[in-house]
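Got your viewer open? Let's walk through a few spots worth selecting.

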Amino acid sequence: MSPASVEIKTLKIDGRDVGAREDQTILEVALENGIYIPTLCHLEGLTEIGACRICLVEVKGTPKLLPACVTRVQEGMEVMVNSERLQNYRKVIVELLFSERNHICSVCVSNGHCDLQSMAQKLGITHISVPYRHPHMPVDASHERYINDHNRCILCTRCVRVCHEIEGAHTWDVTGRGSQAKVITDLNTAWGESDTCTSCGKCVQVCPTGALSEKGKSVSEMSKRRQFLPYLTLMREGRP
Amino acid sequence: MNQEDLKEIAEKQKEANAPFEHNIHVCVAASCLSSHSDQVMTALDQEVKKRGLEQCCKVKGVGCMGLCAAGPLVSSGNNEKMFQNVTAMDAAAIVDNVVDEKPAPAAIVLDSKLPFFRGQKKIVLENCGEIDPEKIEDYIAVGGYEALFHALTSMTPAQVIEQISKSGLRGRGGAGFPTGLKWSTVAKAPGTKGKYVICNADEGDPGAFMDRSVLESDPHRILEGMAIAAYAVGANKGYIYCRAEYPLAVKRLKDAIKQAEKLGVLGNEVCDTRFSFRVEVRLGAGAFVCGEETALIASIEGNRGTPRPRPPFPAQSGLWGTPTLINNVETFANIAPIVRNGGDWFAGIGTEKSKGTKVFALAGRVTNTGLIEVPMGVSLREIVYKLGGGIPDGRKFKAVQTGGPSGGCIPEQYLDMAVDYESLASVGSIMGSGGMIVMDDSSCMVDVAKYFMDFCMSESCGKCVPCRVGTAHMYDLLAKITNGTASQEDLAMLERIAEVVKFTSLCGLGQTSPNPVFSTLRYFRDEYLNHIERKSCGAGVCSQPKAAGVGA
Ligand SMILES: Cc1cc2nc3c(=O)[nH]c(=O)nc-3n(C[C@H](O)[C@H](O)[C@H](O)COP(=O)(O)O)c2cc1C
Ligand code: SF4
Ligand code: SF4
Ligand code: SF4
Ligand code: SF4
Ligand code: FES
């Protein structure tokens with residue numbers, strides 16, 4: 001699209017007047033203007049899926065809550081990103097994530113470098129009030145360089161998308177329904193036996209939690225190389 | 001194929017039917033077939049031949065007559081005489097009765113004057129039980145494909161849409177969205193790469209079989225409705241997304257498509273006009289979520305069937321990114337009659353905001369279970385007590401569950417309420433696709449909520465957090481309440497999670513999954529409290545001791 005054909009919209013986010021290109025999402029415009037909206041499944045440079053529901057915002061005149069990461073701006077929109085109701089819902093959603101599998105941060109490789117953990121801190125979550133479900137989840141350490149621990153996975157599918165959209169390998173997929181859902185490599189075979197994986201490590205770097213980590217890292221040692229992220233956008237924009 | 005040819009086929013078929021003084025119709029839809037109605041039909045055929053009555057008595061396989069629980073069903077056409085629980089051994093008695101007016105054994109006589117039959121108004125099901133679903137000529141003989149001809153040759157697409165809008169028809173797949181508005185949106189969408197029409201025949205609601213019956217009993221009606229829709233919105237290709245658990249429906253649809261293409265009422269240059277329309281059947285693996293429009297589209301495209309956020313709506317960007325019209329089976333089944341009789345005719349039936357009729361699968365604790373079609377606006381009491389014949393075994397009515405896993409339970413105080421989209425919503429339930437389960441005092445409402453939550457939990461696609469995790473927690477909490485280990489805090493948590501799941505889930509499955517919990521809590525909170533405080537299930541359903549003096 002040539003820049004000349006892009007219309008400019010004006011809208012209000014949390015009472016502030018902001019301008020945006022018509023093809024921008026509420027999230028993009030908010031970030032540009034220094035307004036924080038929490039996200040988990042979103043990662044700049046990957047397609048948006050609107051799945052974690054953390055970024056839901058209120059838009060005046062719509063009874064439904066809308067995911068900021070996929071909702072495009074509209075002229076005259078009035079967006080509230082931080083109402084008490086939203087804060088409350090976000091807390092419950094993050095609590096649900098903690099309760100879903102096994103998140104004992106003190107023994108996790110990503111302790112201190114985890115998006116889920118810091119989200120909980122930002123939202124002021126001090127304890128999890130819903131019962132832990134603790135399903136039996138395997139750990140796949142068959143890859144020579146990486147480990148996949150399903151117990152820490154939040155099913156954000158960043159790994160699925162980066163591997164497919166950027167690396168072009170499409171090693172990852174999701175199988176199963178509901179709480180049985182899990183990420184798999186190739187046709188649910190061990191990662192180490194994958195024919196498609198190039199061992200590029202992109203999935204590990206974009207994983208927001210301790211689910212994907214490098215071998216040899218001990219508790220709290222797995223920090224992800226986030227400087228790697230702008231590269232995603234570059235790669236994407238370089239595409240037709 | 002032109003209009004004259006069509007008339008000729010109709011006349012010929014009518015002539016072929018005319019010499020028969022007597023008709024014997026045998027239901028060959030899935031339910032009766034499963035109790036061996038095919039053997040009944042063979043026996044009847046042989047009996048007629050044996051007596052040399054082939055020239056005056058015709059035995060014909062037809063679609064569903066509605067009272068499936070009493071099947072196999074046989075009738076003498078137009079439901080004059082009806083027979084129930086028929087076996088091959090009854091063939092002689094039936095021929096005796098139909099041809100020679102000899103009394104039939106009481107055990108197989110079904111009173112065709114029952115309010116169950118007389119209290120209905122049939123539009124969608126008008127041909128069910130009357131025509132042979134496997135013969136296009138039979139459909140044409142009752143006016144089939146006339147509406148399509150009429151639309152193609154003497155109406156503009158805009159005029160077709162106008163009639164549909166005027167009719168007030170609303171989508172029968174659950175949400176009740178105005179069909180005319182949907183069609184005009186798709187018609188207006190720029191479709192440089194083509195447009196598609198999809199028939200949603202996924203029917204995932206537990207216990208529902210309305211769509212299956214129509215597909216098995218009158219498949220051409222769906223094809224005709226889709227073709228008219230395609231003409232109206234500017235599409236040339238259609239898909240019927242049908243669950244693989246409906247093999248008979250799939251077979252009859254495929255056969256019907258072949259017959260229709262052969263006659264030239266589908267395919268290239270439909271009815272000698274410049275309009276082309278091809279239809280393909282696609283099989284779904286039977287995941288409830290694949291009934292959701294965006295998941296259904298993903299599934300047809302060959303991807304994992306999970307929903308995506310809307311907008312963009314399929315009407316703007318659907319199958320392969322092009323404008324796509326998705327309607328339910330029953331919605332399409334209403335199209336030909338509307339075009340034939342005009343939108344005003346349809347708008348004259350039903351209530352102010354809910355027009356026409358609705359097909360329900362009446363189940364649970366009523367005497368007559370089965371398929372019924374009634375005008376919108378009849379009361380629940382009429383359905384349960386008149387058509388349904390009331391509650392058996394002298395028990396007491398407790399609630400009606402409508403709308404399946406997205407719906408709710410309606411208690412006794414609303415029995416006289418009119419059944420339409422708005423009224424059902426006002427009491428916390430929905431029309432849904434037409435499941436209707438009657439419950440008596442032997443049902444535990446917490447257990448009912450748990451049943452639907454189990455379904456939603458298992459059918460959640462797992463994409464979004466609130467639905468994937470929230471439904472599992474809600475199920476666990478309901479299980480805790482029913483087994484007598486829950487506290488007041490658990491109930492509070494159930495309500496808290498239910499609210500979050502409702503307002504934050506991505507698609508309709510999650511958004512509506514707490515409805516059975518909300519509606520049972522609204523009308524039967526005491527039952528929840530009874531389980532929690534007194535560790536007792538009043539109905540004696542749950543796995544905890546009945547408290548003394550509670551229940552029967
Ligand atoms: C989880 C879920 C399941 C659904 N299942 C069905 C279904 O089995 N059949 C159907 O026609 N519509 C189903 N729907 C509704 C469809 O998404 C859609 O609204 C409908 O097919 C549109 O047709 P209509 O306007 O004619 O009702 C479902 C919706 C959701 C959210
Ligand atoms: S993945 Fe994050 S939240 Fe989970 S245990 Fe590790 S540090 Fe904690
Ligand atoms: S390492 Fe690279 S190729 Fe292998 S799964 Fe991860 S992203 Fe895909
Ligand atoms: S492994 Fe990591 S990136 Fe992949 S879905 Fe799980 S949490 Fe997300
Ligand atoms: S609400 Fe449930 S079914 Fe719908 S997208 Fe979310 S997880 Fe999937
Ligand atoms: S960031 Fe928007 S839904 Fe996950």
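The tour goes from aromatic rings to a ligand shell.

Before you click, residues count from 1 along each chain as its sequence is written, and chains are lettered from A and ligands numbered from 1 in the order in which they are written. The model is predicted, so local features need pLDDT of at least 70, side-chain atom pairs pLDDT 80 or more, while totals for chains, interfaces and linings use all residues; side-chain values use heavy atoms, without hydrogens or water.

**Stop one: across the chains.** Over all chains there are 14 aromatic pairs (Phe, Tyr or six-membered Trp rings with centres within 6.5 Å; stacked under 30 degrees between planes, edge-to-face over 60, tilted for the rest). Select Tyr89(A) and Phe503(B): they are stacked, 6.3 Å centre to centre and 10 degrees between the planes. Why does this pair join two chains? Tyr89(A) is in helix α2 of chain A and Phe503(B) in helix α21 of chain B (helices are DSSP H or I runs of at least four residues, strands E runs of at least two, numbered from the N terminus). Tyr89(A) is buried at 2% relative accessibility, whereas Phe503(B) is partly exposed at 31% (buried is under 20% relative accessible area, exposed over 50%, partly exposed in between; 1.4 Å probe, protein chains only).

Now add Arg85(A): its charged end sits over the Phe503(B) ring, 4.6 Å from the centre (Lys NZ or Arg CZ within 6 Å of the ring centre and within 35 degrees of the ring normal).

**Stop two: ligand 4.** Among its 13 surrounding residues, Cys153(A), Cys156(A), Thr157(A), Cys159(A) and Cys207(A) come nearest (near means a heavy atom within 4 Å).
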